[in-house]
Amino acid sequence: MRWKRQKQPSPTLRGQDKMSKIAIIAGTRPELIKLAPVVRALDILFGKENVTFYCTGQHRKLLDQAVDSLNIHVDVDFKLMTNTQSSADIHKRVLTVLEKEFAQNRPEILIVQGDTASAFAGAMSGFLLNIPVVHVEAGLRTHDLTNPWPEEGLRQMIARITSLHLAPTDQAKDNLVKEGIHSDTIHVVGNPGIDSLVLARQEPNAQFLLKPVKGGTKEKLILITMHRREALDGDLDQFCVELAKTIKQHSDNRFVWPLHPNPKVRETVRRHFPEGSKHLNLQLVEPLPYQEMITMLDYADLVISDSGGMQEEAPYCGVPIIVVRDVTERPEIIDLGLGCLIGSQAKNLSEAVTNHLSVRPQSSATEKWQKIQGHGKAADRVAEHIVNFVNQNQKNAYKHNKHRHKTA
Ligand SMILES: CC(=O)N[C@H]1[C@@H](OP(=O)(O)OP(=O)(O)OC[C@H]2O[C@@H](n3ccc(=O)[nH]c3=O)[C@H](O)[C@@H]2O)O[C@H](CO)[C@@H](O)[C@@H]1O
């Protein structure tokens, strides 16, 4: 996927005395996928030289794969990941490097996305240095601090220290208002991750799909991703038990599972499906480059997943999703009949697969979800609100300075 980072600022900003410096922080694959279109839109409005895309390197391999696949340029990569990193450790190191960086290159605003350690520590560094924080994907909630863990807690804490909340949906905005966030500071913008998806669908990469597994022509393709941390103490084990039954009962269909690199995920999965064992209709593969993943998704008949992004992307492509969790922060997809929640123990997985393979989601429901997600134009809305926010901040600062000079 190709996009250019342009140098000329738009007319919207030409009247300004000084060009604003914008910092954007990402640390993981999904943040990169969702922020790449935002970086591109901000480059156009503010000029590339005023937009710095920082990468903490919280997740190395998946992040590098996404950088390549999205062809996005990272300006500063802190390369923080270690093999033994704990959650506290990564938070501490992100805070430390950003404090040092911003002491030298202070941005006017700082943008974070979602609910990762990089997003939280990034927001915290802005808060502590008195730099206004903009939160993309604000307001997603399960209201259960253990699920997803630690993401739900991180999202809620980011909201407390954010100045501009860019919510993907009306529901997300309502969640924030109920938490006492002033509605003037919240804007519903859709999901910029879908902008990346729309672009990826324009250049399908079907390499992986061309490799036949069984030679069957009527087989349906079921795509699996599973990696939630709260599932690693038992639920993932139970999921594998249910999956083993399911692939047997659906032996005419093909199941493909790109395995997350987390060693705990791999070790659990390999205990149930050892390398070299004959599960002819289950393929365990390496994580797919983003573009191949989206092509695969477009070909898929069903998705089974605990991922946040997959809950947005599958329904967008009209592919039903079985969500292997107890709660979801994207209840709209269940309400619209685009998927179901079967619980983190995946009881009745096989039955759910049968049901979803026999009925496709209604196209009117898919269209509603596509509209909610912003039709691939969310990044422009994000950028527009950021321009207004920056302009407003500069006006306020000007008034404040004038007042100070008068009273001095
Ligand atoms: C439960 C939850 O909501 N979790 C959060 C989590 O992401 P989330 O749970 O979405 O994280 P994942 O690691 O599942 O990433 C999903 C993304 O990776 C892509 N993919 C997946 C497998 C593969 O082999 N190749 C590939 O490219 C998918 O197409 C999707 O775009 O952090 C995100 C970033 O802050 C947030 O937006 C989400 O809210």
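1. Pro 150 sits in the loop between E5 and H6. This is a predicted model. The bond that joins Trp 149 to Pro 150 is a cis peptide bond, with omega about 0°.

2. The loop holds a second cis bond. Here Asn 147 leads into Pro 148, and omega is near 0°. Pro 148 lies between strand E5 (133-136) and helix H6 (151-160). Keep both omega values in view when checking the backbone of this loop: near 0° for Asn 147 to Pro 148, about 0° for Trp 149 to Pro 150.

3. His 143 also belongs to the loop between E5 and H6. Its phi is positive, near 65°, and the residue is not a glycine. Is His 143 buried or exposed? Its relative accessibility is 55%, so His 143 counts as exposed.

4. Ala 346 is another non-glycine residue with positive phi, about 55°. Its loop runs between strand E13 (339-341) and helix H14 (349-358). Relative accessibility is 0%, so Ala 346 counts as buried. His 143, by contrast, is exposed.

5. Now the ligand. How many residues surround the ligand? There are 27, and the closest are Glu 137, Leu 288, Ser 307, Gly 309 and Glu 313. By type, the shell splits into eleven charged, nine nonpolar and seven polar residues.

6. Three side chains place an N or O atom by a ligand oxygen. For Gln 113 the distance is 2.8 Å. For Asp 115 it is 3.0 Å. For His 227 it is 3.0 Å. The protein buries 97% of the 770 Å² that the ligand exposes when taken alone.

7. Which elements give two or more residues to the shell around the ligand? They are helix H2 (29-46), helix H11 (290-299) and helix H12 (308-316). H2 gives the most, with five residues. The shell also draws on two domains: domain 1 (20-189 + 377-407) and domain 2 (205-372) each supply at least three residues.

8. H11 deserves its own point. Eight of its ten residues are buried, so the helix is largely enclosed by the rest of the structure. The buried residues are Tyr 290, Gln 291, Glu 292, Met 293, Ile 294, Thr 295, Met 296 and Leu 297. Gln 291, Glu 292 and Thr 295 are thus on the buried list alongside Met 293 and Ile 294. H11 also gives two or more residues to the ligand shell.

9. The largest nonpolar core has 62 residues. Leu 42 and Ile 386 have the most contacts inside this core. H2 provides the largest share, ten residues. Why does this core lie between domain 1 and domain 2? Both domains give residues to the core, so it lies between them.

10. H2 links the last few points. This helix gives the most residues to the ligand shell, and also the largest share of the largest nonpolar core. Both sets of residues draw on the two domains: the ligand shell takes at least three residues from each, and the core receives residues from both.

Technical notes:
Residues are numbered from 1 along each chain as its sequence is written. This is a predicted model: local features need pLDDT of at least 70, side-chain atom pairs count only at pLDDT 80 or more; totals for chains, interfaces and linings use all residues. Side-chain values use heavy atoms; hydrogens and water are left out. A residue is near a molecule or strand if one of its heavy atoms lies within 4 Å of it. A polar contact is a pair of N or O atoms within 3.5 Å; within protein, one must be able to donate a hydrogen and the other to accept it, and residues adjacent in sequence count only if both atoms are side-chain atoms. Accessible areas come from the Shrake-Rupley method with a 1.4 Å probe; for residues, only the protein chains shown count as cover. Helices (H or I, at least four residues) and strands (E, at least two) are DSSP runs, numbered from the N terminus. Ala, Val, Leu, Ile, Met, Phe, Trp, Tyr, Cys and Pro count as nonpolar, Asp, Glu, Lys and Arg as charged, and the others, Gly among them, as polar. Domain bounds come from an automatic or database domain assignment. A nonpolar core is a set of buried Ala, Val, Leu, Ile, Met, Phe, Trp, Tyr and Cys residues joined through side-chain atoms within 4.5 Å. Buried means under 20% relative accessible area, exposed over 50%, partly exposed in between (1.4 Å probe, protein chains only).
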